[in-house]
Amino acid sequence: MSADAWPALYIQFVKDIQAYLEHEPNSYKALHRLGIHVRMGRDNYVITQSKPPVVYLQPWFYGYNNETVEHEYGHILLAWSNIESQMIQEYGSREAAQPFIESLCEQALPFLRITQPMVDEAVRRYGVTSRAVVFLMLKAKARPEVALRRLIYDHPNAERAGFITSGNYIREVARCNLGLPFSWLERVPEPSAWFPSDIPVSFTRIPHTHNLIGVVAG
Ligand SMILES: [Zn+2]
């Protein structure tokens, strides 16, 4: 299996586990339901080889759902998916594979926080638009970046792209089989001026800020 296939396979596995847990949006509860032990520790890490697997969390991340819990849960799922062992084999050592392992676990985060029924409801109500991203933010108490990535990367074959501004600059981009006319960190005071009128692009202000979310659907 080629390395290109790993992200889509991993995300599909995350989705399958989520469906098995009836779309539990709270990763702390999901860990318990899967029989994974959660302990306090000096650092945040997982032991996947033990029976049961154990997630160690620093005291300030212990006892409730947060992005650190979601990240460590992502490590458990990556190990279970067998993709982690393939990565270690491909890159020659765990150390060499580690940056790619961390990147995949970060990619899982929006999928753990924002469940498939939430995305389906957002798209049913608002289509693949910036309003759907704001809906997901509020529904899942997710950061704008997390909600944007969840919508844009929902289907590996869809043509979607989106961005978030900070003042006059682009602070976040997400692209799935579709390009954007500007890139991350570029100065773009008027994003709407960059899109021809026939491009289906939507813009919504992030509540209580001056920053914009933009979404393009192919
Ligand atoms: Zn990690």
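**Note on the predicted model: core, sheet, domains and backbone outliers**

1. Leaving aside residues up to four places away in sequence, Val133 touches Ala147, Leu148, Leu151, Gly162, Ile213 and Val215. The model is predicted, and what follows should be read as a description of that model.

2. Val133 is also one of the residues with the most contacts inside the largest nonpolar core, a set of 53 residues. The others named in that group are Ala108, Ile114, Leu136, Ala147, Leu148 and Leu151. Helix α7, residues 130-140, gives the most to this core, with 7 residues. Both domains take part: at least three core residues come from each of domain 1 (3-113) and domain 2 (128-217).

3. Which residues of α8 are buried? They are Pro144, Val146, Ala147, Leu148, Arg149, Arg150, Leu151 and Ile152. Since 8 of the 9 residues of α8 are buried, the helix is largely enclosed by the rest of the structure. Two arginines, Arg149 and Arg150, are in the buried set. The packing partners of these buried residues are α5, α6 (116-126), α7, β4, β5 and β7.

4. The open sheet has 4 strands in the order β5-β4-β7-β6, and the pairing is antiparallel. Its edge strands, each paired on one side only, are β5 (169-176) and β6 (201-205). On average, neighbouring strands are turned by 15° against each other, with direction ignored. Helix α8 (residues 144-152) packs on this sheet and touches β4, β5 and β7 (212-217). The direction of α8 makes about 170° with that of β4.

5. Within the sheet, β4 (residues 160-166) pairs with β5 over 7 bridges in the antiparallel sense. Among the bridge partners, Ala161 is matched with Arg175 of β5, and Gly162 with Ala174 of β5. Gly162 also appears in the contact list of Val133. The hairpin formed by β4 and β5 has 2 residues between the strands, and in this hairpin Gly167 takes a positive phi near 60°.

6. How far apart are the centres of domain 1 and domain 2? Taken over C-alpha atoms, the separation is 27 Å. The bounds, 3-113 for domain 1 and 128-217 for domain 2, come from the domain assignment of the protein. Contact between the domains involves 6 residues of domain 1 and 6 residues of domain 2. On the domain 1 side, α5 supplies the largest share of the touching residues, namely 4.

7. In helix α4 (residues 83-91), the buried residues are Ile83, Glu84 and Met87. Viewed down the axis of α4, these fall within an arc of 100°, so they line one face of the helix. They pack against α1 (6-20), α3 (67-80) and α5 (94-113). Just after α4 comes Gly92, with a positive phi of about 95°.

8. Is Ile47, a residue of strand β2 (residues 45-47), buried, exposed or partly exposed? Ile47 is partly exposed, because 16 other C-beta atoms lie within 10 Å of its own, and a residue counts as buried at 20 or more and as exposed at 12 or fewer. Not counting residues up to four places away in sequence, Ile47 touches Pro53 and Val54. Ile47 and Arg149 are 102 residues apart along the chain, and their C-alpha atoms are separated by 28 Å.

9. The peptide bond joining Lys51 and Pro52 is cis, with omega about -5°. Pro52 lies in the loop between β2 and β3 (54-57).

10. Two residues other than glycine deserve a check of their backbone angles. Glu22 has a positive phi of about 50° and sits in the loop between α1 and α2 (27-33). Glu22 counts as exposed, with 9 C-beta neighbours inside 10 Å. Leu185 has a positive phi near 75° and is placed in the loop between β5 and β6. Leu185 is exposed as well, with 12 other C-beta atoms within 10 Å.

Methods. Residues numbered from 1 in each chain as written. Predicted model: local features only at pLDDT ≥ 70, side-chain atom pairs only at ≥ 80, totals over all residues. Pairing = 2+ DSSP bridges. Axes fitted to C-alpha atoms, helices over the stretch in contact; angles between N-to-C directions. Contact = placed C-beta atoms within 7 Å. Core = buried A, V, L, I, M, F, W, Y, C linked by C-beta atoms within 7 Å. Domains from an automatic or database assignment. Arc of directions from axis to C-beta.
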